[in-house]
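User: I am in my first year and would like to understand how words such as "buried" or "core" are earned when someone describes a protein model. Could we go through the reasoning step by step?

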Amino acid sequence: MTLLWTVALVAGIVVAAAASRRAVGAALVASAASGLPTAIVGLTVVAVGTDLPEIANSISAAIAGQGDLNVGNATGSAMTQVTLVLALLCLATPSLRADRFTVVAVGAGTVVVLLVDAWFVRDGLLSRPEGAALVTGWIAVVVLMVHFRSSMLGDEADVTGRMAGDVTGRDRRAAITSGSIAVAWLAVVAVAATVVVGSFVRITDALGVSPLIASAIVLALGTSLPELIVDLTAVGRGAVALAVGELFGSSLVDSSLALGIGPAIRSTVVSPSATAACLIAGAGVLGATVVAASRQVHRSSSAVPLLVVYAVATVLLVATVS
């Protein structure tokens with residue numbers, strides 16, 4: 001029976017990753033047709049789109065009363081994306097350019113959010129107000145970053161190809177059509193995530209493994225597939241700066257929006273080890289931020305310290321939570 005649940009788990013992750021990529025593609029087409037600013041598209045559509053599995057898992061886990069699964073997956077993904085996935089990108093391209101401002105600002109913000117996460121779960125409960133605070137906090141950070149970037153770079157009128165006022169009726173129809181397609185793929189992600197959560201719970205129960213540590217390591221690897229796929233595609237098309245920025249943006253989404261959206265719907269109980277998981281993830285993100293901000297252009301040599309950070313954080317997680 002465990003084998004069947006494992007097959008269902010893998011199938012759910014693969015479907016969620018594929019559907020997330022489709023949803024992101026359709027959403028980007030809709031954004032381009034509607035003339036939304038590129039800063040908003042990058043910080044919302046791309047980052048949230050690749051984190052759809054974590055967001056859907058958060059909701060499913062909250063409904064199922066699996067608070068540890070939510071905390072483990074969200075914090076583990078936040079750390080995995082800026083360490084292991086970023087290391088793989090460094091190995092995949094000879095020259096990976098990073099925007100230091102984005103790396104430092106978003107990386108530091110994610111560390112702060114993870115500290116807040118640790119404070120929230122210290123009492124063994126992620127309440128609805130705390131979940132709502134994390135979701136609201138992510139929205140506030142995005143608004144502030146878009147405003148600051150627009151003021152600093154003077155790109156208020158910078159949109160995906162044209163001014164917002166130049167959008168035609170054909171563009172609006174294209175935006176509506178693509179938006180509908182994106183919603184349809186989001187529904188597929190939600191269904192796949194429900195299968196993933198259900199399968200994962202049954203597997204951990206059968207094996208006697210802590211859902212927190214298993215979700216922080218194993219499930220986090222699976223739900224980070226969309227980031228890896230999308231960013232490898234971006235690197236292949238020459239958008240290397242976008243890939244690095246998207247990884248740190250997704251890490252922020254994981255630690256705030258993805259972690260909080262489930263408990264905002266239904267309060268969830270978590271184990272005492274959840275605090276340690278948040279703190280270790282925060283340390284991992286901090287280490288990755290230092291490495292990524294140390295130079296503007298990264299090569300394969302940058303993968304080594306990132307992999308070290310990931311390995312050390314994983315060992316600490318196993319030693320602390322087990």
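The conversation below takes up a few labels one at a time.

Analyst: Please keep in mind from the start that this is a predicted model. As an outline, the secondary structure of the chain comes to 12 helices and four strands, and buried residues make up 52% of its 322 residues.

User: Why is S302 called buried?

Analyst: The relative accessible area of S302 is 2%, and buried means under 20%, so S302 counts as buried. This residue sits in the loop between β4 (297–298) and α12 (303–321), and, not counting residues up to four places away in sequence, S302 touches C90, V291 and R295.

User: What makes the pair S302 and H298 a polar contact?

Analyst: Their side chains are 2.9 Å apart in this contact, and because the limit for a pair of N or O atoms is 3.5 Å, the distance falls within that limit.

User: Is A98 buried or exposed, and how do you know?

Analyst: A98 has a relative accessibility of 2%, and since the word buried applies under 20%, A98 is buried. The residue is found in the loop between β1 (96–97) and α5 (100–121), where, leaving aside neighbours within four places in sequence, A98 is in contact with V103, V244, A292, Q296 and H298. In addition, the C-alpha atoms of A98 and A243 are separated by 8.7 Å, although these residues are 145 residues apart along the chain.

User: Why does P129 count as exposed?

Analyst: The relative accessibility of P129 is 60%, and exposed means over 50%, so the label follows for this residue of helix α6 (residues 128–153). From P129 to G260 the C-alpha distance is 9.3 Å, with their positions 131 residues apart in sequence.

User: What makes R22 exposed?

Analyst: R22, which is found in helix α1 (residues 2–34), has a relative accessible area of 54%, and because exposed begins over 50%, R22 is given that label. The C-alpha atoms of R22 and A182 are separated by 7.2 Å, while the two residues are 160 residues apart along the chain.

User: Why is V188 called partly exposed?

Analyst: V188 has 30% relative accessibility, and as buried means under 20% and exposed over 50%, with partly exposed in between, V188 counts as partly exposed. V188 is found in helix α7, and together with V15, I181 and W185 it makes a nonpolar surface patch of about 290 Å². The largest share of that patch, three residues, comes from helix α7 (residues 169–207).

User: What makes a group of residues a nonpolar core?

Analyst: The residues must be buried, must belong to a set of types that includes Val, Leu and Phe, and must be joined through side-chain atoms within 4.5 Å. In this chain the largest nonpolar core has 60 residues, and those with the most contacts inside it are V71, L86, F248 and L317. Helix α4 (residues 67–92) gives the largest share of this core, 10 residues. There is also a second, separate core of 11 residues, which includes I13, L69, V197 and F200.

User: Which residues does F248 contact, leaving aside its neighbours within four places in sequence?

Analyst: F248 is in contact with V82, L86, V103, V106, G107, T110, A288, T289 and A292.

Technical notes. Residues are numbered from 1 along each chain as its sequence is written. This is a predicted model: local features need pLDDT of at least 70, side-chain atom pairs count only at pLDDT 80 or more; totals for chains, interfaces and linings use all residues. Side-chain values use heavy atoms; hydrogens and water are left out. Patches are made of residues with over 30% relative accessible area and no salt bridge: like charges are joined within 9 Å, nonpolar side chains (Val, Leu, Ile, Met, Phe, Trp, Tyr) within 5 Å. Accessible areas come from the Shrake-Rupley method with a 1.4 Å probe; for residues, only the protein chains shown count as cover. A salt bridge is a side-chain nitrogen of Lys or Arg within 4 Å of a carboxyl oxygen of Asp or Glu. Helices (H or I, at least four residues) and strands (E, at least two) are DSSP runs, numbered from the N terminus. Buried means under 20% relative accessible area, exposed over 50%, partly exposed in between (1.4 Å probe, protein chains only). A polar contact is a pair of N or O atoms within 3.5 Å; within protein, one must be able to donate a hydrogen and the other to accept it, and residues adjacent in sequence count only if both atoms are side-chain atoms. Contact means heavy atoms within 4.5 Å.
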